[in-house]
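This report concerns the pockets of one protein model and two residues of interest. Please consult the sequence and the structure shown here while reading.

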Amino acid sequence: MALIHAKTAAGRQEIENRGLRLAAGLRSVLLLVDGQRDGNELRQMALGLRAPDDVLEQLSALGLIEVVGGSVDRAPAAPVAPLTSHLGDDPLRYQQLRDWMSETVRKHLGLKGYMIQLRIDRCRDAPGLEQLWPDVAGALGKAKSPAFASRWLEETRAKVLA
């Protein structure tokens with residue numbers, strides 16, 4: 001079970017008077033916070049509202065919501081071995097990885113992936129591209145599914161290590 005959030009007095013006031021002029025995604029999620037839904041459910045709903053990934057943290061930092069129950073889910077951390085030693089400065093490997101990532105963004109994200117594509121284009125080495133993997137996987141998880149994003153990460157690691 002995840003943490004359950006509820007609106008604070010400031011959150012209820014913000015709903016009434018819109019004093020903070022919250023971004024649409026933040027305001028939409030604030031409207032959904034009811035003291036019944038847990039954080040996981042709210043985050044799932046937030047995906048369809050184009051809210052930032054850290055929407056609950058932002059609303060909490062603004063003092064608009066608070067934790068009223070539940071417990072923290074402890075998922076086992078997946079070990080992520082740094083691959084920079086495998087990537088090195090090989091220009092061929094950099095180009096292959098850059099092409100693979102660009103093709104993925106074009107094929108699966110379309111215009112939604114424009115900003116990620118710009119970041120890929122700015123990278124000048126393979127370790128820089130590797131740092132973008134979580135962002136690409138996150139966007140794929142939103143656009144397709146978390147399972148698809150996980151498979152993409154596995155395929156990308158396999159390509160790098162091949």
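In this predicted model, helix α3 provides the largest share of the lining of the second largest pocket, namely five residues. The lining comprises 13 residues in total, and those nearest the centre of this pocket are Arg43, Gln44, Leu47, Asp53 and Lys142. Two or more lining residues of the second largest pocket come from each of α3 and α9.

The largest pocket is lined by 14 residues, with Leu47, Arg50, Lys112, Ala139 and Lys142 nearest its centre. Here α9 is the element that gives the most to the lining, with four residues. Both α3, spanning 39-47, and α9, spanning 133-143, supply at least two residues each to the lining of the largest pocket.

The table sets out the volume and the lining classes of each pocket.

| Pocket | Volume | Nonpolar lining residues | Polar lining residues | Charged lining residues |
|---|---|---|---|---|
| Largest pocket | about 380 Å³ | eight residues | two residues | four residues |
| Second largest pocket | about 260 Å³ | five residues | four residues | four residues |

**Leu47**

Leu47 is among the residues nearest the centre of the largest pocket, and it is also among those nearest the centre of the second largest pocket. This leucine is found in helix α3. Is Leu47 buried, partly exposed or exposed? Its relative accessibility is 38%, so Leu47 counts as partly exposed, given that this class lies between the limits of 20% and 50%. Leu47 and Gly141 are 94 residues apart along the chain, and their C-alpha atoms are separated by 9.8 Å. The position of Gly141 falls within the 133-143 span of α9.

**Thr156**

The second residue of interest is Thr156, which is found in helix α10, residues 146-161. Thr156 has a relative accessibility of 0% and therefore counts as buried, the cut-off for that class being under 20%. Which backbone atom does the side chain of Thr156 reach? It is the backbone oxygen of Trp152, at 2.8 Å. When neighbours within four places in sequence are left aside, Thr156 is in contact with Leu97, Trp100 and Trp133. Of these partners, Trp133 bears the number at which α9 begins, as that helix covers 133-143.

In summary, α9 gives the most to the lining of the largest pocket, whereas α3 gives the largest share to that of the second largest pocket. Leu47 counts as partly exposed, while Thr156 counts as buried.

Conventions:
Residues are numbered from 1 along each chain as its sequence is written. This is a predicted model: local features need pLDDT of at least 70, side-chain atom pairs count only at pLDDT 80 or more; totals for chains, interfaces and linings use all residues. Side-chain values use heavy atoms; hydrogens and water are left out. On a 1 Å grid over the protein atoms alone, a cavity is a set of points where a 1.4 Å probe fits but cannot get out, and a pocket is an open set with protein on both sides within 12 Å along at least five of seven lines; lining residues have an atom within 4 Å of a point. Grid points are joined across faces, edges and corners, and a volume is the space filled by probe spheres set on the points. Ala, Val, Leu, Ile, Met, Phe, Trp, Tyr, Cys and Pro count as nonpolar, Asp, Glu, Lys and Arg as charged, and the others, Gly among them, as polar. Buried means under 20% relative accessible area, exposed over 50%, partly exposed in between (1.4 Å probe, protein chains only). A polar contact is a pair of N or O atoms within 3.5 Å; within protein, one must be able to donate a hydrogen and the other to accept it, and residues adjacent in sequence count only if both atoms are side-chain atoms. Contact means heavy atoms within 4.5 Å.
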